[in-house]
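Work through the exercises below with the sequence and the 3D view at hand. Each task is followed by its solution in steps.

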Amino acid sequence: MTPTPPTLLVLDADPPPRLGRLTGRARTVHTDAERLAERLPGADVLLVWDFTSHAVREAWPGDGPRPRWVHTASAGVDHLMCPELAASDTVVTNARGIFDQPIAEYVAALVLAAAKDLPRTLEYQRERTWRHRETRRVAGTRACVVGSGPIGRAIARTLKALGVTTALVGRVSRTGVHGPDDLDRLISRADWVIAAAPLTDRTYRMFDTHRFGVMQPSAFFVNVGRGGLVDEEALARALTRRWIAGAALDVFAAEPLPGDSPLWELPGLVVSPHMSGDTVGWRDELGVQFVELYERWAAGRSLLNVVDKTRGYVPGH
């Protein structure tokens, strides 16, 4: 008698994942956020394909059995973690490794654009205005990258290739990585301050009025981590009062960013719609990664990218 394949529940997003390799090896059930709670008890595995949804965090505390494994197609896990999931035996994995270099390239592009004043060049072109300016050298400047995981390390490597002296700050001090106690000192000397940390209780709104006040007036701030890392009102004040030279946000406390948000019109702020890691073919890469993890799980092998549910990220970095 052929054994019944495990039930794979997919919290859908458009376009859905390509899971053809799992045909006959998993009973795939698709759901939206509204029906997630009623379908969780019947699932062995949950794939959170809609990584912008908070539905898992809301549905998980309900009654009945829960999946043995949850995978999110994102680097961050704050959108799905709740006390009940953290305390359970369920294994949580993430998409570590997919977004590292694309985000690093995006950060490098922002640094180069800011140093070379490209936004204003485009404005002058639209106005048909010929206005010569002098721009900054990137080589020889300093960067502080906050977040020592794979994304932060990729950013540091890429900026170093541009001649930028880069300091990396992590949860604890170790060889090649500074601890939190060094953060104020490092950002006070940095030309570029890059936020690439996971969102946890310790990092929530870590960039606040104090931190923006410590930065140099010539500093440029970039957030490619999570929106909750930044006190957005404090950033607005820092830009309006010219405490810092400029900033770029790819992530926000509320996404999509509401049309009436004052952030759209802040002087010196570049707004992008959570796209820094999304390169051509990224969804296919996420699908392949999950299928490979599923094959390991089905074979009884240890999973990769296992999240420490109390810390909120994959340990070992």
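Ala, Val, Leu, Ile, Met, Phe, Trp, Tyr, Cys and Pro count here as nonpolar, Asp, Glu, Lys and Arg as charged, and the others, Gly among them, as polar. The model is a predicted one.

**Exercise 1. The second largest pocket**

Describe the lining of the second largest pocket by class and by source.

Step 1. The space in this second largest pocket comes to about 700 Å³.

Step 2. Its lining consists of 21 residues, and those nearest the centre are Ala 114, Asp 117, Pro 119, Phe 220 and Ala 245.

Step 3. Sorted by class, the lining holds 11 nonpolar, four polar and six charged residues.

Step 4. At least two lining residues come from each of helix H4 (100–115), helix H5 (118–127) and strand S11 (269–271). H4 contributes the most, with four residues.

**Exercise 2. The open sheet**

Find the order of the five strands in the open sheet, and name its edge strands.

Step 1. The strands follow the order S2-S1-S3-S4-S5, and their pairing is parallel.

Step 2. Strand S2 (27–31) and strand S5 (91–93) are the edge strands, since each of them pairs on one side only.

Step 3. From one strand to the next, the twist averages 20°.

Step 4. Take one pair in detail: strand S3 (residues 45–48) is joined to S4 in the parallel sense over four bridges. Leu 47 has His 71 of S4 opposite. In general, strands of a sheet pair through backbone hydrogen bonds, in either a parallel or an antiparallel way.

Step 5. Now add a helix. Helix H10 (residues 282–298) lies across strand S1 (7–11), S3, S4 and S5, and runs at about 165° to S4.

**Exercise 3. Two residues and their accessibility**

Is Thr 158 buried or exposed? Where is Gly 62 placed, and why does Gly 62 count as partly exposed?

Step 1. Thr 158 belongs to helix H6 (residues 150–161).

Step 2. The relative accessible area of Thr 158 is 16%, and buried means under 20%, so Thr 158 is buried.

Step 3. Leaving aside residues up to four places away in sequence, Thr 158 touches Gln 101, Ala 104 and Ala 108.

Step 4. Gly 62 sits in the loop between helix H2 (55–59) and strand S4 (69–72).

Step 5. Gly 62 has 39% relative accessibility, and partly exposed covers values between 20% and 50%, so Gly 62 falls in that class.

Step 6. Between the C-alpha atoms of Gly 62 and Thr 166 there are 46 Å, with the two residues 104 residues apart along the chain.

Methods:
Residues are numbered from 1 along each chain as its sequence is written. This is a predicted model: local features need pLDDT of at least 70, side-chain atom pairs count only at pLDDT 80 or more; totals for chains, interfaces and linings use all residues. Side-chain values use heavy atoms; hydrogens and water are left out. Buried means under 20% relative accessible area, exposed over 50%, partly exposed in between (1.4 Å probe, protein chains only). On a 1 Å grid over the protein atoms alone, a cavity is a set of points where a 1.4 Å probe fits but cannot get out, and a pocket is an open set with protein on both sides within 12 Å along at least five of seven lines; lining residues have an atom within 4 Å of a point. Grid points are joined across faces, edges and corners, and a volume is the space filled by probe spheres set on the points. Two strands pair if DSSP finds at least two bridges between them. Axes are lines fitted to C-alpha atoms, for helices over the stretch in contact, and angles run from 0 to 180 degrees between N-to-C directions. Contact means heavy atoms within 4.5 Å.
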